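I opened my notebook today to look through a protein structure one topic at a time. Come along and keep the picture in view while you read.

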Amino acid sequence: MHDDGRYDDPRVTGSAGDPVSRETEYPNWRPSEVPQSPPEPGRNAPTSGVPWSATGEGRDGADASGRPVNASPDARVIPIRRNPSASARLEAAAAHPPTSGTVPDPRPASDTPAPAAASYASAVTEAAYVSRETPTREEDDPPLAMEAMRAVQILNPSGEVTMPRPDRTRVMCVANQKGGVGKTTTTVNLAVALALHGNRVLVVDLDPQGNASTGLNVPHHTGVPDVYDCLINSVPLEDVTQAVEGIPNLWCVPATIDLAGAEIELVSVVARESRLDRAITAYPGHFDYVFIDCPPSLGLLTVNALVAAQEVLIPIQCEYYALEGLNQLINNINLVRQHLNPRLEVSTILLTMYDRRTRLADAVEQDVRNHFGDKVLQAVIPRNVRVSEAPSYGQSVMTYDPGSRGATSYFEAAQEIAERGVKEPVSRNA
């Protein structure tokens, strides 16, 4: 091994006296032809005080012949042995230089030709498999955009008739003797949803609490003409009907605290069960829907509603207590059908306050669907705080927060009710 990087290899040279260089040699190359760069400060700098030059002294302190500048004149310079095979490869590469902007392919050459781009594109087009994770339009839209789209769909600012109108007036009684299952909330929101989409709707508040009147922002304080005057004093229904502010095609018959004593006063009245039926039949105007909000009892007020109606809509809370009294309500409906109103039927079941986090809600839903079949709406009303907040502002959830889950669910329920009415028209007063 020498100081200049060369070593003696008997296997290559045949003798130990001929030196062999480990560095690759190139043809026609001279040390003087390589451009030299000035030495870095403090590194390989000449210590003799002679300045650096590109033609004379190199970076490592050697002259043009490769002899170190501080070598003695008697020192012998050993010539560099060239590698013929390496020189041949370098000359062949220099004859075909790569063009600018091209990158050599590191893969080995193959005798098989690469497939054409057109055939690959056709194979992709003709593929029958489509990924299930392909995003749809709804998934591409951000949540705020989706909520805005739902709000516009529910509010229907154009005023067009987007829900089908029935051929005859559909009088629907919203009844369930259990309290707190969502009777008033269902009545108000279904009525608003149908009215916003082109149907003429009348809401009759038959609950002495007057919550339906509050939800529609209709005055129902003491002294306001209400449904009590129609039942007891035979006042025409059009005289106590009020238009709902901000909702076209929607009217309401309010209820005051005076209605609490109506059941006692109706005991001695002739044909006490059909007082509300005669008032609705005598109304001169035409409505597509008449919703009657019943009190949480099976007294004379509820019987009046069952006699006046032709369909019964039963909201069922997804809990066990709501199912416990359902049999008694069905028995009363059957009694009214047999003796007072033979056209009465349970047409719609709506599941409310559904909590998908609990197994109880799923169990109640399955029991109700197995028992009532197609009468149960596909739309299910979930627990939603917006539905509870809306009455405090004198609004329904349809106008308070039209993009919420509660508004969307009630809109779907109203649309399903409207479509069922067209498939199975209900005959009532023209």
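Here are my entries, sorted by topic.

**Entry 1: confidence**

I started by noting that this is a predicted model. I looked up the confidence and found a mean pLDDT of 78 for the chain, with 65% of its residues at 70 or more. Then I looked for weak stretches. Over residues 47-59 the pLDDT stays under 50, and the model has 21 contacts beyond four places in sequence for them. Residues 425-430 also have a pLDDT that stays under 50, again with 21 such contacts in the model.

**Entry 2: the sheet**

Next I asked myself in what order the strands of the open sheet come. I found 7 strands in the order 5-6-4-7-3-8-9, and the pairing is mixed. Strand 5 and strand 9 (345-352) stand at the edges; each has a single partner strand, so one side of each has no neighbour in the sheet.

I then went through some of the pairings. Strand 3 (residues 170-174) runs parallel to strand 8 (residues 311-317), with 3 bridges between them. One residue to click on here is Met-172, whose bridge partner in strand 8 is Glu-311.

While I was there, I looked at what packs on the sheet. Helix 6 (residues 183-196) does, and it touches strand 3, strand 4, strand 6, strand 7 (289-293), strand 8 and strand 9. The direction of helix 6 makes about 165° with that of strand 7. I also found helix 14 (residues 359-372) lying across strand 8 and strand 9, at about 165° to strand 9.

Back to the pairings: strand 4 (residues 201-205) and strand 6 (residues 250-253) are parallel and joined by 4 bridges. In that pairing, I noted Val-204 with its bridge partner Val-253 in strand 6. Strand 5 (residues 242-243) is antiparallel to strand 6, and 2 bridges join them. Here Gln-242 stands opposite Cys-252 in strand 6. The hairpin of strand 5 and strand 6 has 6 residues between the strands, and Gly-246 takes a positive phi near 85° in it.

**Entry 3: aromatic rings**

A reminder to myself: a pair of aromatic rings is described by the distance of the centres and the angle of the planes. My search of the whole structure gave 5 aromatic pairs. One of them is Trp-251 with Phe-287, an edge-to-face pair at 5.6 Å centre to centre and 65° between the planes. This pair links distant parts of the chain: Trp-251 sits in strand 6, while Phe-287 is in the loop between helix 10 (275-281) and strand 7, 36 residues apart. Is Phe-287 buried or exposed? I looked it up: Phe-287 is buried, because its relative accessible area is 4%, under the 20% cut-off.

The rings of Tyr-320 and Tyr-321 have planes at 55° and centres 6.4 Å apart, so I wrote this pair down as tilted. Both Tyr-320 and Tyr-321 are exposed. I also noticed that ring pairs link Trp-251, Tyr-283 and Phe-287 into a cluster.

**Entry 4: cysteines**

How many disulfides does a search of the whole structure find? The count came back as 0. I checked Cys-294, which is in no disulfide: its nearest cysteine sulfur is that of Cys-173, 3.1 Å away. For a disulfide, the sulfur atoms would have to lie within 2.5 Å, so that distance does not qualify. Cys-294 is buried, at 1% relative accessibility. Cys-230 is buried as well, at 5%.

**Entry 5: helix 11 and Asn-304**

I looked at helix 11 (residues 300-308), where Asn-304 has its place. This helix is mostly covered, with 9 of its 9 residues buried. Among them are Leu-300, Val-303 and Ala-308. Asn-304 itself has a relative accessible area of 0%, so I listed it as buried. What is Asn-304 in contact with, leaving aside its neighbours within four places in sequence? I found Leu-231, Leu-266, Arg-272, Glu-273, Ser-274, Arg-275 and Leu-276.

**Entry 6: Ser-409**

My last stop was Ser-409 in helix 17 (residues 405-423). With a relative accessible area of 9%, Ser-409 is buried. Its contacts, leaving aside neighbours within four places in sequence, are Ala-379, Val-380, Ile-381 and Pro-382.

How values were computed:
Residues numbered from 1 in each chain as written. Predicted model: local features only at pLDDT ≥ 70, side-chain atom pairs only at ≥ 80, totals over all residues. Heavy atoms only, no water. Helix = DSSP H or I, 4+ residues; strand = E, 2+ residues; numbered from the N terminus. Buried < 20%, exposed > 50% of the residue type's maximum accessible area, 1.4 Å probe, protein only. Contact = heavy atoms within 4.5 Å. Pairing = 2+ DSSP bridges. Axes fitted to C-alpha atoms, helices over the stretch in contact; angles between N-to-C directions. Phe/Tyr/Trp six-rings, centres within 6.5 Å; stacked < 30°, edge-to-face > 60°. pLDDT = per-residue confidence, 0-100.
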